[in-house]
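I opened a fresh notebook page for this one and went through it step by step. Here is what I looked up, in the order I looked it up.

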Amino acid sequence: MKAIIIREIKSFFGSPIGYLVIAIFLLLNGLFLWVFEGDFNILNSGFADLTPFFTIAPWILIFLIPAVTMRSFSDEKKQGTLELLLTKPISLWQIVNGKFLGAMLLIFIALIPTLIYVWVLFGLTMTDNFVDMGSTMGSYFGLLFLIAGYSAIGIFTSTLSENQIVAFILSVFLCFIFYFGFEGLASYVKSFETSIAAIGMQSHFKSMSRGVLDTKDILYFVSIAFLFLLLTVFKLKSHQS
């Protein structure tokens, strides 16, 4: 599996896609948080917290993560190397997890420079007590679990077509449904609002953003990631037969 992860990272940074993903993620967040006037501008909010960042980041990642994962298996199909990959002396789970962890590692690398925002907030406040580190760290953990969910969805959709654009669109659609779709649907079904919203990622991400890492929120994201990775394995098994 380690070889698969290294292979994925090398392929990301052996082409412009790895650098583009990191640059676009940092550029968009930087512009919305510090340059553009609006609700997401931290300097105009009057509060020393990163709530605007954790509000906009999931929406940016809805597009960036599918851009990373769309080639995972679709490119293997198109190049005719999937059969060769499946004949290697490693299990399907190891192949899928290698692709999954490789994609997650790239997004994690893109996330690391955003820690400078925390340092900037400390510099903008008169005292350290004005920065809520509990909710900030909880939000970062929530973002990591959200990235895991998005990545698993993207890996799965890449097995559905050898066309990367189709895989990208399917992944964006499913990520949107799981992040916002159930939350939006819940607003129309008041009698089951809480239950329906709990199916989506947004309510669990918001819960973790409060600084409390609830077991049910962690289990939710782990279950979503496992479900789509399991579907990926099933899809690859059907390709073998």
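**Secondary structure.** I began with the element count, and the chain came out at 13 helices and zero strands. Reading from the N terminus, I wrote the order down as α-α-α-α-α-α-α-α-α-α-α-α-α.

**Confidence.** This is a predicted model, and I wanted to know how far the predictor trusts it. The mean pLDDT of the chain is 87, and 94% of its residues reach 70 or more. Next I asked myself which elements have the lowest and the highest mean pLDDT. Helix H3, residues 42-45, has the lowest at 74, while helix H10, residues 164-186, has the highest at 93.

**Overall dimensions.** I then checked the radius of gyration against the globule rule. A compact globule of 241 residues would have a value near 18 Å, and the chain has 19 Å, so the two agree. Along the principal axes, the C-alpha atoms fill a box of roughly 60 × 45 × 30 Å.

**Burial and contacts.** How much of the chain is buried? I noted 46% of the 241 residues. For contacts, I took pairs at least 6 apart in sequence and found that 73% of them join residues at least 24 apart.

**Surface and charge.** My entry for the accessible surface reads about 12,000 Å², with 70% of that area belonging to carbon and sulfur atoms. Last came the charges: I counted 14 positive and 14 negative ones in the chain, and their mean positions lie 13 Å apart.

Key:
Residues numbered from 1 in each chain as written. Predicted model: local features only at pLDDT ≥ 70, side-chain atom pairs only at ≥ 80, totals over all residues. Heavy atoms only, no water. pLDDT = per-residue confidence, 0-100. Helix = DSSP H or I, 4+ residues; strand = E, 2+ residues; numbered from the N terminus. Rg over C-alpha atoms; globule rule 2.2 N^0.38 Å. Buried < 20%, exposed > 50% of the residue type's maximum accessible area, 1.4 Å probe, protein only. Contact = heavy atoms within 4.5 Å. Areas by Shrake-Rupley, 256 points an atom, 1.4 Å probe, with all protein chains shown as cover. Lys, Arg positive; Asp, Glu negative; His and termini not counted. Charge placed at Lys NZ, Arg CZ, Asp CG, Glu CD.
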